[in-house]
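Let's take a walk through a sheet and the helices around it. Have the model open as you read.

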Amino acid sequence: AAHNETLAQVCAAVADDSSLQLIVRFKAHFAYGEYGDSLDIKRKIIDRYNRGNIVIDSSGDLYERLFLADVVIVSISTVGLEAMLFGKPVIVVGSRGMADLVDYVRAGAAVHVTTAAELRQAITQSLDDVQFRNRLALAQQRFVTANFANIHDADPLARIRDLLLESTGRP
């Protein structure tokens with residue numbers, strides 16, 4: 001039920017702005033209903049808000065989608081970390097206490113929101129505010145470098161970035 005509420009918040013935040021396109025990807029266990037969650041229920045939620053700018057797409061390569069995205073919105077997910085490797089602003093949607101569960105939110109490398117209004121504001125800032133994006137990018141670089149990179153490398157993220165870009169077929 002919590003995932004459905006989060007999905008509804010995300011859809012509501014973008015529904016009335018035709019300049020935004022939301023691509024919804026479900027983890028495999030949600031798509032197959034292994035936890036009693038229904039893809040039909042999620043489709044109904046999307047249909048309720050969809051003004052032609054929300055699509056479900058779980059078939060394409062995740063890294064290609066991250067490469068092409070302007071902003072990445074997640075709940076608790078490693079996809080947020082993967083999006084940071086591509087230099088994308090990351091917004092985490094969830095309850096107030098959830099921010100403590102996501103290290104990169106605590107490090108300031110992602111924005112945490114709990115309502116559709118907060119999400120809409122975070123999307124706007126991520127798209128339009130250069131200083132906001134730069135602050136996020138710096139925090140992301142620090143977080144990824146401190147937690148996942150060899151600090152003795154001149155460009156500690158280069159190998160990871162190159163692998164991800166190679167998987168998308170992009171230069």
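## Strands side by side

Strand E3 (residues 72-74) and E4 run parallel, joined by 3 bridges. Strands and helices here are DSSP runs numbered from the N terminus, with at least two residues for a strand (E) and at least four for a helix (H or I). Across that pairing, Val74 sits opposite Val92 in E4. To get from E3 to E4, the chain goes through helix H5 (residues 79-85), and this β-α-β crossover is right-handed; that is, with the strands pointing away from you, the path from the first strand over the helix to the second runs clockwise.

A quick word on the source: this is a predicted model, where local features need pLDDT of at least 70 and side-chain atom pairs count only at pLDDT 80 or more, while totals for chains, interfaces and linings use all residues. Residues are numbered from 1 along each chain as its sequence is written, and side-chain values use heavy atoms, leaving out hydrogens and water.

## The sheet and its middle strand

E4 also runs parallel to strand E5 (residues 111-113), again through 3 bridges, and Ile91 has Val111 as its bridge partner in E5. Put together, that's an open sheet of 3 strands in the order E3-E4-E5, with parallel pairing (strands pair if DSSP finds at least two bridges between them). E3 and E5 are the edge strands with a single partner each, so one side of each has no neighbour in the sheet. From one strand to the next, the twist averages 25°.

Which way do the E4 side chains go? Val90 and Val92 point one way, Ile91 and Val93 the other, and all are buried (under 20% relative accessible area with a 1.4 Å probe, protein chains only).

## Helix H7 and its neighbours

Helix H7 packs on the sheet and touches E3, E4 and E5, with contact meaning heavy atoms within 4.5 Å. Its direction makes about 175° with that of E4; angles run from 0 to 180 degrees between N-to-C directions, and axes are lines fitted to C-alpha atoms, for helices over the stretch in contact.

H7 (residues 116-128) also packs against helix H8 (residues 130-148), at about 95° and with axes 6 Å apart. That makes the two roughly perpendicular (65 to 115 degrees). Residues making the contact include Ala122 and Leu127 of H7 and Phe132 of H8.

How values were computed: Buried means under 20% relative accessible area, exposed over 50%, partly exposed in between (1.4 Å probe, protein chains only). Angles under 35 degrees count as roughly parallel, over 145 as roughly antiparallel, 65 to 115 as roughly perpendicular and the rest as oblique.
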